[in-house]
Structures are given as structure tokens and as C-alpha cells.
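Colleague: Could you take me through this model and show me how each label was earned?
Modeller: Gladly; let us put it on the screen and begin.

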Amino acid sequence: MVKRGLYALALILAIAGGLAWAPLGSQPVSAVGCASPYVVRPGDSLARIARLCETTVAELRAANHLTSDLIHPGWQLVIPGASSGAAPVTATPVSGACASPYVVRRGDSLARIARLCGTTVEALKAANHLTRDLIFPDQLIALPGGARWLPAPKVVIVVVDGWRYADTFGDLSHEHIPHLWNDLRPLGAWHAAIYNLGQTQTAAGHAAILGGVWQPIANDGTGRPTAPTLFEYYRKATRAPASETALVFNGDPHGKAGQWAYSTAAGYGAAYGAQVYHSDGDGYDDGVVLAAALGALAQHPRLAVIALPAVDEWAHTGDFAGYLRAIAGADSAAWQIWQALQSDAFYAGQTTLLVTNDHGRQLENFTQHGGDSLSEQHVTLLTVGPRTPAGQEVTTPRTLRDIAPTVGALLNIPTPLAEGEVMWEVVKPARGN
Ligand SMILES: [Zn+2]
Ligand SMILES: [Zn+2]
């Protein structure tokens, strides 16, 4: 009697939530026949389910955005062509509904979510690698046994090291950034007033972009971010393998840029770090990074950060002509990356490209940066993608801290420790998907 009551309650909750949900602690709903969604049983394989449902492994993988053949008991799979219940993989989770991922509402606690979803606080913490009971509004909580969730949108961030506003977007001729200015800018939005208000150094600048927090960290190759990076937020929220992320750079994987793959933040760290792609060039040629980036994008990461070092390297040598050539090279690299995204069905129409830089340079001496002059703090941002209205010049002051929460909004993932604000001017309501 008690058991029946619980089952009825579970059923009511499932119906109230309007979402496919296997009541935990009872039999899976589709233990034998082929239904959509299909609840994976112990011992199931994609091949077995494909036979049962008269489809193919390739179609199952495509319909469920699976990047490998690995499945787990309790997952719910969309069966292509079958009459469907609700799709288990959603691009926009509903706040407060008992589905995986669960979207935390204001006032929620793990205990409340556990009660609502028929599980325990311990199981929730284990499934989400949580070390504490602390949760945040809009945080995504995976339910034990729930299907993996993948956002449809993708984000690629190109970070040019240390170009000066006066030589790029602030140069009225724009002669060194012809592609960004003439080809990409009309497709999206550029920020005329965006600043690095932390340390105007390379490691701290990249950490601010990746984490949305000013972090005065060492610039000598030992400065790992202290606040979680977007890679960690993405992988923690979606349970993604590292292969869905990419950090592309030039040089030692344990050196300065390699440090940006993950932070030292509690509850985050290496387990959620980026897949690293590095080239072994000398830093003076962004062409080798571009080649590594195109190779990385062929692996279809959903969040990629590409660091181009040549502009800063040339500037430090004092060769102004070489510095300007490097700016043109970075401009060309960003344009080729955009073209590569448009020619790949995985990315085309679903990907936002952000081109920015970590810091500027002194106005009176282009070889120097690291101080707090306006020319060192004034950076650049160009955003192009399906949710960014075309042809905008944004004059509202912004900072590098605003990039991480904005990327979080684009990917539908929470960035709870980021201190910046979402730049809603480049994240308009999604069109189509
Ligand atoms: Zn730099
Ligand atoms: Zn430098």
C-alpha cells in the first residue's frame, strides 16, 4: 500500500514536471519493448538497442548527441523515428522541474531536490562531484541515472595577446585588421569601451576572460587561475568529457598558457580541465597556432579557446613593423577560424565567435604593458553568432570579467563564481533552435 502510494506520487511528479523521468526505486518504464525515450538497462549496448528499435548505432548517436558508444543504465535515449515522449536531451532545461539536469531555483537546497526527485543528498553530491551542500540559483544538478545533457550552442573564443586599441579598432583606417573590421564586424557586435581593470599581464588577463574574476596571479608560467574557468563550468554542468573542450596555444603544455586549462578552485580543477592542443612554435608565428586550432576544431569541441601569442612577442622585441604584421596575422587567423566554422555543419549557424585580447600596451611605448594606463587597460571585443544582432557598436562600458558570464548564458551553463555581468546585448533570445 505504501509502495503503491509512493509510485503514484512519483507518477504525479513526473506528469507535473511534464518530462520523461524514470521513477527511481521502481522498475524502469521500458524494460522490454522499444519506446522513445528508451531507458537503458544494465547490459544494454547501443548495438542491442539499435537492433531492438530497428535503427542504427550511428542514428542513435546522432539523435542523442553521443560522442562515444558508452551508455549507462538509467540513461534515457531518444529513438529516431519512434513516437516520442519528451526528449531526454534538452537545450534549455526548465527551472524547478525534476529532470536531468535539474535547474536550481532560488531557495532550493539539495535536501529539497532529493525529496522532489526521489533520491538522496549523498547520491546528488556523488553524481555532481560536490564536496559541500552549497548550491546556487541556476546551477545545473545532474540527477543520478539521468541522461547526459548537451547544449546545442557552441562557443569559440580567440584571444590575441596584447594588441593595442590604437593600432586595431581605434585606428580609423583599420588597415591592420581588415577582416575583423570589414568582414566580421558587420555580422555582429563590437565593443568600443571594454577594459581590463585587473593586472594588464598575459596570465591574469586570460584568467579574467576565462573565469570572470580579476586574479592577480603570477605571469611566469606558474600562474594557474584561482577562479573556475569556463572549461570547468562547462564540464561540471554538462558532465562532458574533456574532448568537448579545447584550449589551443603555442608552447610548453606545462607553461604559462597550459596553466589556463583549469583552476585551483575548490570543487573544480583538473577533473574538469580543458583538452589541450599545443603547437611547438617559437611564439612569433600565429600560423602554427592557427593550424593547431583548425585541427582541434575538427574534433568538434563545443567550447574552444584559442590563444594567439605573436603580437605580444613581436612588440616586446621593439620591432614596430613586425608587431603590425603580427596584428594582421592574428586578424587573418580569426577570419580563417570563422570561415572554418561556417563550412562545418556541426558549427555553422550554432556557434558564437568572440575575438578579444588580454591587455593593451602603453601609448607612449608600445613595447610595454602591465600598468594601469588607459591604453594598457583598453581592450577589444568582437562577437559574432546566432544570438548576436548584426551591425552593432556597443558603447556601454564593459570589462573582461563580463565575458565568462556571457559565454555561460550562450551555453546555458551557470558560472556561479564569475563576478562580471552577462552582456545581454550580444545574447539576444535564441532564434530557431
Ligand atoms: Zn599578454
Ligand atoms: Zn607581454
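What follows is a conversation about the labels given to parts of this predicted model.

Colleague: Let us start broadly. What makes up the secondary structure of the chain?
Modeller: There are 13 helices and 13 strands in the chain. Buried residues account for 48% of its 433 residues. Of the contacts between residues at least 6 apart in sequence, 68% join residues at least 24 apart.

Colleague: Why is Arg 224 called buried?
Modeller: Arg 224 has 20 other C-beta atoms within 10 Å, and the label asks for 20 or more, so Arg 224 is buried. Its place is the loop between helix H7 (202–211) and helix H8 (230–238).

Colleague: What is Arg 224 in contact with, leaving aside its neighbours within four places in sequence?
Modeller: Gln 259, Ser 263 and Thr 264 are its contacts on that basis. The C-alpha atoms of Arg 224 and Gly 258 are separated by 8.6 Å, with their positions 34 residues apart along the chain.

Colleague: And Lys 125, why is that one called partly exposed?
Modeller: Lys 125 has 16 other C-beta atoms within 10 Å. Buried needs 20 or more and exposed needs 12 or fewer, so with 16 Lys 125 falls in between and is partly exposed. Lys 125 sits in helix H5 (residues 121–127), and beyond its neighbours within four places in sequence it is in contact with Leu 110 and Leu 130.

Colleague: What makes strand E9 largely enclosed by the rest of the structure?
Modeller: Six of the six residues of E9 (residues 303–308) are buried, so the strand is largely enclosed. Leu 303, Val 305 and Ala 307 point one way, while Ala 304, Ile 306 and Leu 308 point the other way, and all are buried.

Colleague: How do you know that E9 pairs with strand E5 and with strand E7?
Modeller: A pair needs at least two bridges. E5 (residues 154–160) and E9 have six, in the parallel sense, so they count as a pair. E7 (residues 245–250) and E9 have four, also parallel, so the label holds there as well. As for individual bridges, Val 160 is partnered in E9 by Leu 308, and Val 248 by Ile 306.

Colleague: Which residues have the most contacts inside the largest nonpolar core?
Modeller: They are Val 158, Val 248, Ile 306, Leu 308, Val 311 and Ile 337, in a core of 101 residues. Helix H11 (residues 320–342) gives the largest share of this core, nine residues. At least three residues come from each of domain 1 (21–141) and domain 2 (154–426). A second, separate core has six residues, among them Leu 46, Cys 53, Leu 77 and Ile 79.

Colleague: Last one: why is helix H10 called roughly antiparallel to H11?
Modeller: The axes of H10 (residues 310–317) and H11 cross at roughly 175° and come within 8 Å. Angles over 145 degrees count as roughly antiparallel, so H10 is roughly antiparallel to H11.

Colleague: Which residues meet between H10 and H11?
Modeller: From H10 there are Ala 310, Val 311, Trp 314, Ala 315 and Thr 317, which meet Gly 322, Tyr 323, Ala 326, Ile 327, Gly 329 and Ala 330 of H11. Val 311 also has contacts outside H11, including Val 160 and Trp 163.

Key. Residues are numbered from 1 along each chain as its sequence is written. Chains are lettered from A and ligands numbered from 1 in the order in which they are written. This is a predicted model: local features need pLDDT of at least 70, side-chain atom pairs count only at pLDDT 80 or more; totals for chains, interfaces and linings use all residues. Helices (H or I, at least four residues) and strands (E, at least two) are DSSP runs, numbered from the N terminus. Two residues are in contact if their C-beta atoms, placed from the backbone, lie within 7 Å. A nonpolar core is a set of buried Ala, Val, Leu, Ile, Met, Phe, Trp, Tyr and Cys residues joined through C-beta atoms within 7 Å. Domain bounds come from an automatic or database domain assignment. Axes are lines fitted to C-alpha atoms, for helices over the stretch in contact, and angles run from 0 to 180 degrees between N-to-C directions. Angles under 35 degrees count as roughly parallel, over 145 as roughly antiparallel, 65 to 115 as roughly perpendicular and the rest as oblique.
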